[in-house]
Amino acid sequence: MIREISNREIIEVVRDLCIDANYNLGDDVLRAFDKAIEAEESATGIEVLKELKENARIAREEKAPICQDCGLAVVFIDIGQDVHITGGNLNEAVNEGVRQGYEDGYLRKSACHPITRKNTGDNTPAIIHIQIVPGDKMKIVFAPKGGGAENMSRVTMLTPAAGIEGVKDFVVNRVKESGSNPCPPTVIGVGVGGTFERSAILAKKAILRDIGNRNPDPELATIEEEILTRINRLGIGPMGYGGNTTSFDVFLEIEPCHIASLPVAVNVQCHAARHKEAII
Amino acid sequence: MTKQIRLTTPLSNEDVEKLNIGDKVLLNGVLLTGRDAAHKRLFELIEQGKELPVDIKGQVIYFVGPTPAKPGKPIGSAGPTTSYRMDPYSPKLIELGLKGMIGKGNRSQTVIEAMSKFKAVYFGATGGAGALIAKRIKKAEIVAYPDLGPEAIRILEVEDFPVTVINDTKGNDLYQEGIKRYAKE
């Protein structure tokens with residue numbers, strides 16, 4: 001059975017997600033603040049974490065953006081194969097939703113031409129990742145991505161000989177070299193396998209997970225925990241002022257890759273780990 | 001490490017020389033804003049020997065691109081952006097009398113040396129606390145480059161704007177010290 005979803009509905013849903021994600025920090029991040037306030041060794045670090053908690057409260061109550069960097073609009077859409085979209089083009093609907101959300105929500109528009117640097121004026125085009133899945137529903141995940149942490153992200157092609165130890169070292173070194181730049185405490189998305197571009201998408205998808213949710217594969221979960229422990233021994237701390245809370249979590253996603261390759265992507269996410277979803 | 005100092009801009013050499021890394025400072029008076037695009041334009045004017053649209057002597061530049069102000073508010077959310085992107089431009093501005101910068105994240109050795117030589121400091125504001133920080137901004141006015149939108153140069157009137165000294169005039173770096181103190185390997 002074909003189910004129809006109108007473009008108009010998609011526009012409204014995307015618009016609302018843009019605003020919700022930028023005003024209302026997820027409960028997982030708020031819990032992470034509380035947990036870190038208990039565990040942090042540095043008094044300055046604790047102060048920073050309390051400020052971030054207070055900032056999230058003000059943003060929610062006053063309907064203000066959590067951070068002035070309201071991000072590029074990253075949108076993941078899972079479309080059930082029995083869905084028929086009516087009333088126009090899906091990409092255009094998503095971009096119209098972003099346009100309205102960023103305007104109506106008083107959000108900063110940060111999209112610009114890569115060479116002339118001229119602002120596009122409405123935060124479009126969105127970065128849209130579409131996947132066809134079974135069913136007759138459409139899931140839209142909106143994750144605004146700030147520039148400061150995104151700039152610290154990297155993709156590398158390790159040799160298979162480097163193995164899992166090479167992967168762990170690459171991730172830990174990336175966080176170490178990023179230092180205070182990406183607004184720690186961060187969330188680290190790691191994509192291993194696939195091809196060059198696929199590893200980056202896996203890393204991006206990884207940061208959509210809620211803080212505290214381990215990979216269901218126990219072996220991968222152990223690797224996530226090990227990398228997180230190593231990162232939090234680096235001493236960078238909240239905002240880089242020193243401390244033992246440098247990252248809130250590490251999320252690892254893997255896929256098979258070429259016998260010659262070991263692609264590894266690290267997507268760094270600041271503490272404003274914003275993502276909201278809706279199912280139509 | 002955590003004494004609190006209240007300062008009013010413009011700042012003198014004496015004001016900045018007494019600051020040490022880790023000091024909590026509450027800034028009052030006015031701050032200039034500028035980030036990537038505005039810095040590029042200022043730098044080009046300096047290279048051409050032309051006058052700048054704002055006087056930077058004794059001033060503090062806040063690296064920020066705020067969100068649009070809602071009706072009735074002076075400014076939207078206004079936390080710091082990452083500072084290293086301004087590193088190519090900062091030494092020249094410091095040489096011309098800039099006394100402070102507010103941002104987040106590491107500065108280059110060249111910037112740190114310019115701060116020692118010409119007496120300036122680098123302050124950190126809490127990144128991602130844009131809604132909280134906006135409460136300390138009482139007034140905002142665009143004074144140059146309105147075409148740059150969020151990147152336009154603004155003058156902000158601030159009250160007890162909270163910052164932490166990251167780099168002082170003696171070449172010290174709070175980030176380095178923090179890692180030394182808390183690293184476990």
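## Helices α6 and α8 of chain A

In this predicted model, helix α6 (residues 163–178) of chain A packs against helix α8 (residues 218–231) of chain A at an angle of about 40°, and their axes lie 10 Å apart. The crossing of α6(A) and α8(A) is right-handed.

On the α6(A) side the contact is made by A:Ile164, A:Lys168, A:Val171, A:Val172 and A:Val175, which meet A:Ile223, A:Glu226, A:Ile227, A:Arg230 and A:Ile231 of α8(A). Sorted by class, the residues of this contact comprise 7 nonpolar and 3 charged, with no polar residue among them.

## Helices α2 and α3 of chain A

Another helix pair in chain A is formed by α2 (residues 27–39) and α3 (residues 43–62), whose axes are 9 Å apart and make an angle of about 155°. Because angles over 145 degrees count as roughly antiparallel, α2(A) and α3(A) are described as roughly antiparallel to each other. The crossing of these two helices, α2(A) and α3(A), is left-handed.

From α2(A), the residues A:Leu30, A:Phe33, A:Ala36 and A:Ile37 take part, and they meet A:Ile46, A:Leu49, A:Lys50, A:Leu52, A:Lys53 and A:Ala56 in α3(A). The contact of α2(A) with α3(A) holds 8 nonpolar and 2 charged residues, and no polar ones.

## Helices α1 and α4 of chain A

The axes of helix α1 (residues 7–23) of chain A and of α4(A) come within 7 Å of each other and cross at roughly 40°, which makes α1(A) oblique to α4(A). In this pair, α1(A) passes α4(A) in a right-handed crossing.

The residues that α1(A) brings to the contact are A:Asn7, A:Ile10, A:Ile11, A:Val13, A:Val14, A:Arg15, A:Cys18 and A:Ile19, while those from α4(A) include A:Leu90, A:Ala93, A:Val94, A:Gly97, A:Val98 and A:Tyr102. By class, the contact of α1(A) with α4(A) consists of 11 nonpolar, 4 polar and 3 charged residues.

## Chain A as a whole

The secondary structure of chain A amounts to 8 helices and 10 strands, and its C-alpha trace spans about 55 × 50 × 40 Å along the principal axes. For 280 residues, a compact globule would be expected to have a radius of gyration near 19 Å, and the 19 Å of chain A agrees with that expectation.

Chain A is divided into domain 1, which takes in residues 3–22 + 66–145, and domain 2, which covers residues 148–273. The centres of these two domains of chain A, taken over C-alpha atoms, are separated by 26 Å. Their contact draws 8 residues from domain 1 of chain A and 5 residues from domain 2 of chain A. On the domain 1 side, strand β5 (residues 138–145) of chain A gives the most, with 3 residues, and the side of domain 1 that touches domain 2 divides into 5 nonpolar, 1 polar and 2 charged residues.

## Backbone details in the loops of chain A

Two peptide bonds that lead into proline residues of chain A are cis: the bond from A:Thr124 to A:Pro125 has omega near 0°, and the bond from A:Pro184 to A:Pro185 has omega near 5°. A:Pro125 is found in the loop between α4 (90–104) and β4 (127–133) of chain A, whereas A:Pro185 belongs to the loop between α6 and β7 (186–194) of chain A.

The loop between α4 and β4 of chain A also holds A:Arg117, a residue other than glycine whose phi is positive, near 70°.

## Chain B and its contact with chain A

Chain B contains 6 helices and 7 strands, which follow one another along the sequence in the pattern β-α-β-α-β-α-β-α-β-α-β-β-α. The radius of gyration of chain B is 16 Å, close to the 16 Å that the globule rule gives for 185 residues, so chain B is as compact as a globular protein of that length. The C-alpha trace of chain B spans about 45 × 40 × 35 Å along its principal axes.

Where the two chains meet, the contact takes 38 residues from chain B and 41 residues from chain A. In chain B, α5 (130–134) and α6 (174–182) each supply at least two residues of the side that touches chain A, and the largest share of that side, 7 residues, comes from α6(B). By class, the side of chain B that touches chain A is made up of 15 nonpolar, 17 polar and 6 charged residues.

How values were computed:
Residues numbered from 1 in each chain as written. Chains lettered and ligands numbered in written order. Predicted model: local features only at pLDDT ≥ 70, side-chain atom pairs only at ≥ 80, totals over all residues. Domains from an automatic or database assignment. Contact = placed C-beta atoms within 7 Å. Helix = DSSP H or I, 4+ residues; strand = E, 2+ residues; numbered from the N terminus. Nonpolar A, V, L, I, M, F, W, Y, C, P; charged D, E, K, R; others polar. Axes fitted to C-alpha atoms, helices over the stretch in contact; angles between N-to-C directions. Parallel < 35°, antiparallel > 145°, perpendicular 65-115°, else oblique. Left-handed = near helix turned anticlockwise from the far one by under 90°. Rg over C-alpha atoms; globule rule 2.2 N^0.38 Å.
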